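Please open the model in a viewer and set the display to a cartoon. The tour below proceeds from the whole chain to individual strands and side chains.

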Amino acid sequence: EGLAEIDILIDYYLENAKLLKEAMESIGYKVYGGTDAPYVFVKLPEGKSSWDTFSEILENAQVVTIPGAGFGPGGEGYLRLSAFAPRDTVIEACSRLKETLG
């Protein structure tokens, strides 16, 4: 019974990750992850700072992302998106990201 509930939660968050991944791919970003873990890493255009992109998205789309620079030097140039949110929130975030970045 407990394991079945865990499987349901895992599937739920992986579906959220799939939505985020598809949204970012649909506007032309290269995306990694989101298939085995509820995190999606978005490759930013060359020369685009993860902190600047984080700020731009927060201000213009009001969506919280995670700057890749926070994960060390290899993370710069990426954003991390987390799928740990209610489905309707993820759908709204996808819409806002497409509108802001697309």
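The stops that follow name what to select and describe what is found there.

This is a predicted model, in which local features need pLDDT of at least 70 and side-chain atom pairs count only at pLDDT 80 or more, while totals for chains, interfaces and linings use all residues. Residues are numbered from 1 along each chain as its sequence is written, and side-chain values use heavy atoms, with hydrogens and water left out.

**The whole chain**

Begin with the complete chain, coloured by secondary structure: three helices and four strands are present. Read from the N terminus, their order is α-β-β-α-β-β-α. The radius of gyration is 14 Å, close to the 13 Å that the globule rule gives for 102 residues, so the chain is as compact as a globular protein of that length. Here the radius is taken over C-alpha atoms, and the rule is 2.2 Å times the number of residues to the power 0.38. Helices (H or I, at least four residues) and strands (E, at least two) are DSSP runs, numbered from the N terminus.

Now show the C-alpha trace, which spans about 50 × 30 × 20 Å along its principal axes. Of the 102 residues, 33% are buried; buried denotes under 20% relative accessible area, exposed over 50%, and partly exposed in between (1.4 Å probe, protein chains only).

**The strands**

Select residues 39-43 and 78-82, which are strands β2 and β4; the two pair in the antiparallel sense over five bridges. Strands count as paired if DSSP finds at least two bridges between them. Within this pairing, locate Lys 43, whose bridge partner in β4 is Tyr 78.

Add residues 66-67, strand β3, which runs antiparallel to β4 and is joined to β4 by two bridges. Opposite Ile 66 stands Arg 80 of β4.

**Helix α1**

Move to residues 2-26, helix α1, and pick out Ile 10. Is Ile 10 partly exposed or buried? Ile 10 is partly exposed, with a relative accessible area of 43%.

Display Leu 3 and Ile 6 beside Ile 10: together they form a nonpolar patch on the surface, with about 300 Å² of accessible area.

Next select Glu 15, also in helix α1. Glu 15 has 32% relative accessibility and therefore counts as partly exposed. As a last step, set a distance between the C-alpha atoms of Glu 15 and Ile 57: the two residues lie 42 apart in sequence and 22 Å apart in space.

Conventions
Patches are made of residues with over 30% relative accessible area and no salt bridge: like charges are joined within 9 Å, nonpolar side chains (Val, Leu, Ile, Met, Phe, Trp, Tyr) within 5 Å. Accessible areas come from the Shrake-Rupley method with a 1.4 Å probe; for residues, only the protein chains shown count as cover. A salt bridge is a side-chain nitrogen of Lys or Arg within 4 Å of a carboxyl oxygen of Asp or Glu.
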